[in-house]
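Please read the following account with the sequence and the model side by side, and follow each residue in the viewer as its name comes up. The text goes from single residues to the contact between two chains.

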4 protein chains.
Amino acid sequence: MVGYSMNKKDFQDRLRRIEGQVRGLQRMIDEETYCIDILTQLSSVSAALRAVGMGLLDGHVRHCVTESIAQGHGDEKVEELMAAVGRLAGK
Amino acid sequence: MVGYSMNKKDFQDRLRRIEGQVRGLQRMIDEETYCIDILTQLSSVSAALRAVGMGLLDGHVRHCVTESIAQGHGDEKVEELMAAVGRLAGK
Amino acid sequence: MVGYSMNKKDFQDRLRRIEGQVRGLQRMIDEETYCIDILTQLSSVSAALRAVGMGLLDGHVRHCVTESIAQGHGDEKVEELMAAVGRLAGK
Amino acid sequence: MVGYSMNKKDFQDRLRRIEGQVRGLQRMIDEETYCIDILTQLSSVSAALRAVGMGLLDGHVRHCVTESIAQGHGDEKVEELMAAVGRLAGK
C-alpha cells in the first residue's frame, strides 16, 4: 500500500488539471501572449505541482514512514525522506 | 513581437514534453508507484517547468525590457519584471 | 532532548560562520561592491542557512518524530513537520 | 555608482537585523529550543535575506542594467543578470 492510496482520485484530478494548464501554456506561446502573462500562468502551474508534491509527501510520512518506524526499521526511510524533501525544496 | 518569438518551437517542444511527464505522473499514481519515486519524477517536472520560465524571462529581458528602456520608458517594465522574478523565485 | 543535541557545536559553528557572512554583506554594501557580486555572496549565505535548516529537520525527524511515532502519538508531530517542510520549501 | 547607492542605509539596517536574527538562532540552539521553533525562525531569516536580494536586484536592474542598455551595450549585463536571478531562484 502506498501513502496516497486513499486519495488517488484527488491526486489524479489535480494532475489532470495541471496537464490542462500545461496545454494552456502551449496555446499561449502559440498565440504569442505577452511574456509576463505566460510567466504568471507558469508560476501558478509550478505552485499547483508543488502542492501535489507536498500532498504526496504528507501521505508518505503519515503512512509509509510512520509504519516503518513503528516496526523499528525507520532509519533508511528517514534518509530517503530527507533526500526527497531536499529535492522538493529545490536544492 | 514577444520576447520568445525566435524560439516558439523550442518552447512548444519543451512544454509538450512537460505535458507528457505530467501524464506520466498520473500513470504512476494509477499504478500505485512508490511515493518517493513519484516525488523524484515530480521534482524533475518542476525543474523543467522552471527552466522554461527562466528561458521566457531571458527573452523578455533581452527584447521587451531592453527595447522599452532604449525608448526611454523602461520604468514600468522593470516594475513588472521584478514582480515576475519574485513569483518565479517562489515567494 | 532535542533532535540536534548531538550536533549542537556543529550547528553553532555553522551559524557563527553565517553571522560572519552577513557582516561581510554589510561591508560589501559599505564599500559599494558591485551589485551582482553581493547577490552571489547573498545566494551562498542563503544556501548555507537552508543547509542548517535541512540538518535541523533531519535531526528532528530522526529523533523527535520517530520517538513520538514509536510511542503511538505521531500524528500531531507529522502535522507540525509538514508545515515546517512547507515553510522551508519557501511557500 | 552602484544600483543601491540611494538605499545603502536601508540595506545596512536590514542586514544588521538579519545578523541579530542569526545570533538569535545560535542562542536558540544553545538553549536547546524545540527544533520546529528554530526552523520557523530560520525560515523567517531566509525570507528576510531573500527580500534583501530582491531589493538589490531591483536597484541593479533599474540603474546598472538600464544604463548599460541605454548606452547600447546591455547584452552582457542581461547575461549576468539572468545568472543572478537563477541563483536567487535557488537553482
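In this predicted model, E32(D) is partly exposed, because its relative accessible area of 35% falls between the 20% under which a residue counts as buried and the 50% over which a residue counts as exposed. E32(D) is found in the loop between α1 and α2 of chain D, and its backbone has a positive phi of about 50°, although E32(D) is not a glycine. The side chain of E32(D) takes part in a salt bridge with K8(C), in which the closest N and O atoms are 3.1 Å apart. This pair crosses between chains, since K8(C) belongs to helix α1 (residues 8-30) of chain C, while E32(D) sits in the loop between α1 (8-30) and α2 (35-70) of chain D.

The residue with this number in chain B can be read in a similar way. E32(B) has its place in the loop between α1 and α2 of chain B, and here too the residue, which is not a glycine, has a positive phi, of about 55°. With a relative accessibility of 34%, E32(B) counts as partly exposed.

Chain C offers a buried residue to set beside these loop positions. M28(C) lies in helix α1 of chain C, and because its relative accessibility is 19%, M28(C) counts as buried, the limit for that class being under 20%. Which residues is M28(C) in contact with, once its neighbours within four places in sequence are left aside? They are T33(C), D37(C), I38(C) and Q41(C), together with Y4(D). S46(C), by comparison, is 18 residues from M28(C) in sequence, and the two C-alpha atoms are 16 Å apart in space.

Salt bridges also occur inside single helices. In chain B, D13(B) and K9(B) form one, with the closest N and O atoms 2.6 Å apart. Both residues lie in helix α1 of chain B, four residues apart, which is about one turn of the helix. D13(B) is partly exposed, with a relative accessible area of 28%, whereas K9(B) is exposed, with a relative accessible area of 58%.

A pair with this spacing is found in chain A, where E19(A) forms a salt bridge with R23(A) and the closest N and O atoms are 2.9 Å apart. Because E19(A) and R23(A) are four residues apart in helix α1 (residues 8-30) of chain A, about one helical turn separates them. Is E19(A) buried or exposed? At 8% relative accessibility, E19(A) counts as buried, while R23(A), at 36%, counts as partly exposed.

R23(A) also reaches into the neighbouring chain, for its side chain meets that of E19(B) in a salt bridge (3.0 Å, N to O). Salt bridges that share partners join E19(A), R23(A), E19(B) and R23(B) into one network. Between chain B and chain A the count is four salt bridges, and over all chains the count comes to 32.

The contact between chains A and B can now be taken as a whole. Chain B can be laid on chain A with an RMSD of 0.0 Å by a turn of 180° and a shift of 0.0 Å along the axis, and the two copies are therefore related as by a two-fold rotation axis. In chain B, the C-alpha nearest this axis is that of E19(B), at 2.8 Å from it, and E19(B) is one of the residues in the salt-bridge network described above.

In this contact, 45 residues of chain B touch 45 residues of chain A, and because 100% of the interface residues of chain B are also interface residues in chain A, the copies meet through the same surface. The two chains bury about 4000 Å² between them, 67% of it on carbon and sulfur atoms.

Polar contacts between chain B and chain A, counted where both residues have a pLDDT of 80 or more, number 18 residue pairs. On the side of chain B that touches chain A, the elements that give two or more residues are α1 (8-30), α2 (35-70) and α3 (75-88) of chain B, and α2(B) supplies the largest share, 17 residues. By class, that side of chain B has 24 nonpolar, eleven polar and ten charged residues.

Note on methods:
Residues numbered from 1 in each chain as written. Chains lettered and ligands numbered in written order. Predicted model: local features only at pLDDT ≥ 70, side-chain atom pairs only at ≥ 80, totals over all residues. Heavy atoms only, no water. Least-squares fit on C-alpha atoms with pLDDT ≥ 70 in both. Contact = heavy atoms within 4.5 Å. Buried area = accessible area lost by both parts, 1.4 Å probe. Polar contact = N/O pair within 3.5 Å; in protein donor to acceptor, adjacent residues only side chain to side chain. Nonpolar A, V, L, I, M, F, W, Y, C, P; charged D, E, K, R; others polar. Buried < 20%, exposed > 50% of the residue type's maximum accessible area, 1.4 Å probe, protein only.
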